[in-house]
Amino acid sequence: MAFEWPKIYKVEEQIEQQSVDWVYEYVCEFYDVEDIEELTEEQINEIDKYREGLYSYSVMQVGFSNIIHQWESAQYE
């Protein structure tokens, strides 16, 4: 019987969500804000620059990309 891992996507989703949560919490704590939408454009640019320096396959990439997208979306509301 060949190795298989049924529903591995569930584990991947959990890892992705944990990354998002950790990045969100750390960024809010670092910049002393309650919500990502309170960040300035300069701060979000700092975060984006940091993200660009990460290894492209870093599991944290999704967390940083998520908060950047969230901030950008809030700017157009």
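Reader: Let me start near the beginning of the chain: is Phe3 buried or exposed?

Author: Phe3 is exposed, because its relative accessible area comes to 76%, and exposed here means over 50%. Please keep in mind that this is a predicted model.

Reader: And where does Phe3 sit?

Author: Phe3 belongs to the segment before helix 1, a helix that covers residues 8-31. Together with Trp5 and Ile8, Phe3 forms a nonpolar patch on the surface, and the accessible area of the three together is about 390 Å².

Reader: What about Lys7, what is its phi like?

Author: Lys7 has a positive phi of about 60°, although Lys7 is not a glycine. Lys7 is also placed in the segment before helix 1, and Lys7 counts as exposed because its relative accessibility is 53%.

Reader: OK, on to helix 1, how far apart are its ends?

Author: The end C-alpha atoms of helix 1 are 35 Å apart, and this agrees with the 34 Å that its 24 residues should span at 1.5 Å a residue.

Reader: Which residues of helix 1 are buried, and what covers them?

Author: The buried residues of helix 1 are Ser19, Val20, Val23, Val27, Cys28 and Tyr31. Their cover includes helix 2 and helix 3.

Reader: And Phe30, buried or exposed?

Author: Phe30, which is placed in helix 1, counts as exposed, because its relative accessibility is 56%. The C-alpha atom of Phe30 is separated by 14 Å from that of Ile67, a residue 37 residues apart from Phe30 along the chain.

Reader: What follows helix 1?

Author: Asp32 follows helix 1, and its phi is positive, near 55°, although Asp32 is not a glycine. Asp32 lies in the loop between helix 1 and helix 2, where Asp32 counts as exposed with a relative accessibility of 72%.

Reader: Now helix 2, what span should it have?

Author: Helix 2 is made of residues 41-53, and at 1.5 Å a residue its 13 residues should span 18 Å, while its end C-alpha atoms are 19 Å apart, which agrees.

Reader: Which of its residues are buried, and why do they count as being on the same side?

Author: In helix 2, the buried residues are Gln43, Ile44 and Ile47. They are on the same side of helix 2 because they cover an arc of only 95° around the axis. Helix 1 and helix 3, the latter being residues 61-75, are among the elements that cover these buried residues.

Reader: What is on the other side of helix 2?

Author: The other side of helix 2 has the exposed residues Glu41, Glu42, Lys49, Glu52 and Gly53.

Reader: Gln43 caught my eye, why does it count as buried?

Author: Gln43 counts as buried because its relative accessibility is 18%, and the cut-off for buried is under 20%. If we leave aside its neighbours within four places in sequence, Gln43 is in contact with Tyr31 and Glu38. Tyr31, for its part, is one of the buried residues of helix 1.

Reader: How many salt bridges are there, and which side chains meet?

Author: The count comes to one salt bridge, in which the side chains of Arg51 and Asp48 meet at 2.5 Å, N to O. Both Arg51 and Asp48 lie in helix 2, where they are three residues apart, about one turn of the helix.

Reader: After helix 2, where is Ser56, and is it buried or exposed?

Author: Ser56 has its place in the loop between helix 2 and helix 3, and Ser56 is exposed with a relative accessible area of 54%. The C-alpha atoms of Ser56 and Ile67 are separated by 17 Å, and these two residues are 11 residues apart along the chain.

Reader: Last one is helix 3, how far apart are its ends, and which residues are buried?

Author: The 15 residues of helix 3 should span 21 Å at 1.5 Å a residue, and its end C-alpha atoms are indeed 21 Å apart, which agrees. Its buried residues are Gln61, Gly63, Phe64, Ile67, Ile68, Trp71 and Ala74.

Reader: What do those pack against?

Author: The buried residues of helix 3 pack against helix 1 and helix 2.

Methods
Residues numbered from 1 in each chain as written. Predicted model: local features only at pLDDT ≥ 70, side-chain atom pairs only at ≥ 80, totals over all residues. Heavy atoms only, no water. Patch = residues over 30% accessible without salt bridge, like charges linked within 9 Å, V, L, I, M, F, W, Y side chains within 5 Å. Areas by Shrake-Rupley, 256 points an atom, 1.4 Å probe, with all protein chains shown as cover. Salt bridge = Lys/Arg side-chain N within 4 Å of Asp/Glu carboxyl O. Helix = DSSP H or I, 4+ residues; strand = E, 2+ residues; numbered from the N terminus. Buried < 20%, exposed > 50% of the residue type's maximum accessible area, 1.4 Å probe, protein only. Expected span 1.5 Å × (residues − 1). Arc of directions from axis to C-beta. Contact = heavy atoms within 4.5 Å.
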